[in-house]
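Biologist: Could you take a close look at one part of this model with me? I would like to hear about the charged side chains and what they pair with.

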Amino acid sequence: PWRRESDPAAKILAGQKAFRKENLSVPALAECRDLNRLSWTALRNWRDCPYRFLLERGFVLRKEEEVREEFGRRDSGNLIHEIMRDFLAPEGPGFRALAEGKTEQAATLLETAAYEKFRPDGQILPGRALWLGRFLRWIPGLVNYEMGRFQTWRPLLLEEGFSLPLPELTAWMAEQLDQSDVAGEVPTLSTDQEAIVLTGVIDRMDVAVGAGTLAVIDYKTGKVPPVKQVTDLREMQILLYSLAVEAGALELPGPDLQVGQAFYYAIGEEAVGLAGKVHFEGDRQFLFDAADQLVEMAQAAASAAGPFPLIPEERHGLGPANLPCTHCSFRGSCRLEERAGLPPATEVKLDKLVSRKEGGLF
């Protein structure tokens, strides 16, 4: 019987028009959780889409978790981090073999560590075996790269976590203005903002042989960010890690140690180690500018009052090539496709996204 009633087309259309006129930068009207502990991943998610950041971080909304039956890329990457940590442990067997130039012994130790991690109980399922096989093919390149690096650098810390309160970072900035040839201003923190803490885990930190210079290293088993993304302050993970070291968020063996370089270390089929230029070469002004931007981002991300607009950088032509919507658990709930005033390039990306299904295009 309800089918006999006519559709309220006018009401629907009026509602759609009203929705398109709404401000994209709206405040959070419901109370959200404390946003004061921020990793680089959290800051990057906030920058790409504050609305998504609010739902994921502020309201702790999650799509229903699925039981993954297969061993995948992320699992393999986590194990590779553990393998490299154990293999390069200072004064451990792998460390000593590299320091003494024993290539074959180092390769054997790295292979043994791989087998222990990928099949801890002595058994291995087919999925794990495939990922293990991939890593075993990379071992010669890894050992050769480490042999060369050990001539001038040695691992000092591995998989080291840190917590960097914003007041300590701004104190470092003030110190740089006093002691270094840098220009800028120290951001002012409100009482609430003094509770913000930046967090992370540094995969590896090397120290130069016979010198007080440090290198901050982050392993990448996937795509390595290009140097330009770092110099443009788009990719700031290793810069945050470098600042944590400089600002005293980690215990170091000496007071005069300073970060002289930072880079992403490739572990993959196409490249192993540092492929090309280092991403950061110790420029104090550049590091100061990075600190300034990180503080600004943290202040905005930690504000529970918002606003939390949709993909603001993308709408202003500053976003990356791919929409953050591609990996968003809330696709569709924001009704982004219905918004007015989106750039043509963004509409093209959205059209490709909404026209895609798991089985292909329809």
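Is Glu314 buried or exposed?

Modeller: Happy to help, and please keep in mind that this is a predicted model. Glu314 is buried, with a relative accessible area of 7%. Its carboxylate has a partner: Glu314 forms a salt bridge with Lys349, and the closest N and O atoms are 3.2 Å apart. This pair links distant parts of the chain, since Glu314 sits in helix α12 (residues 312-315) and Lys349 in helix α13 (residues 344-354), 35 residues apart. Lys349 counts as partly exposed, at 23% relative accessibility.

Elsewhere, Arg47, Asp48, Arg234 and Glu313 are linked in a network of salt bridges. A search of the whole structure finds 19 salt bridges, and two further pairs are worth setting beside yours. One joins the side chains of Arg149 and Asp206 at 2.7 Å, N to O. Arg149 belongs to helix α7 (residues 126-149) and Asp206 to strand β3 (residues 197-208), so this contact ties together parts that are 57 residues apart in sequence. Both Arg149 and Asp206 are buried. The other pair is Lys228 with Asp232, whose side chains meet at 2.5 Å, N to O. Here Lys228 is exposed, with a relative accessible area of 56%, while Asp232 is partly exposed at 40%.

As for covalent cross-links, the structure holds 0 disulfides. Cys328, for example, has its closest cysteine sulfur in Cys49, but the 6.5 Å between them is too far for a bond.

How values were computed
Residues numbered from 1 in each chain as written. Predicted model: local features only at pLDDT ≥ 70, side-chain atom pairs only at ≥ 80, totals over all residues. Heavy atoms only, no water. Disulfide = S-S within 2.5 Å. Salt bridge = Lys/Arg side-chain N within 4 Å of Asp/Glu carboxyl O. Helix = DSSP H or I, 4+ residues; strand = E, 2+ residues; numbered from the N terminus. Buried < 20%, exposed > 50% of the residue type's maximum accessible area, 1.4 Å probe, protein only.
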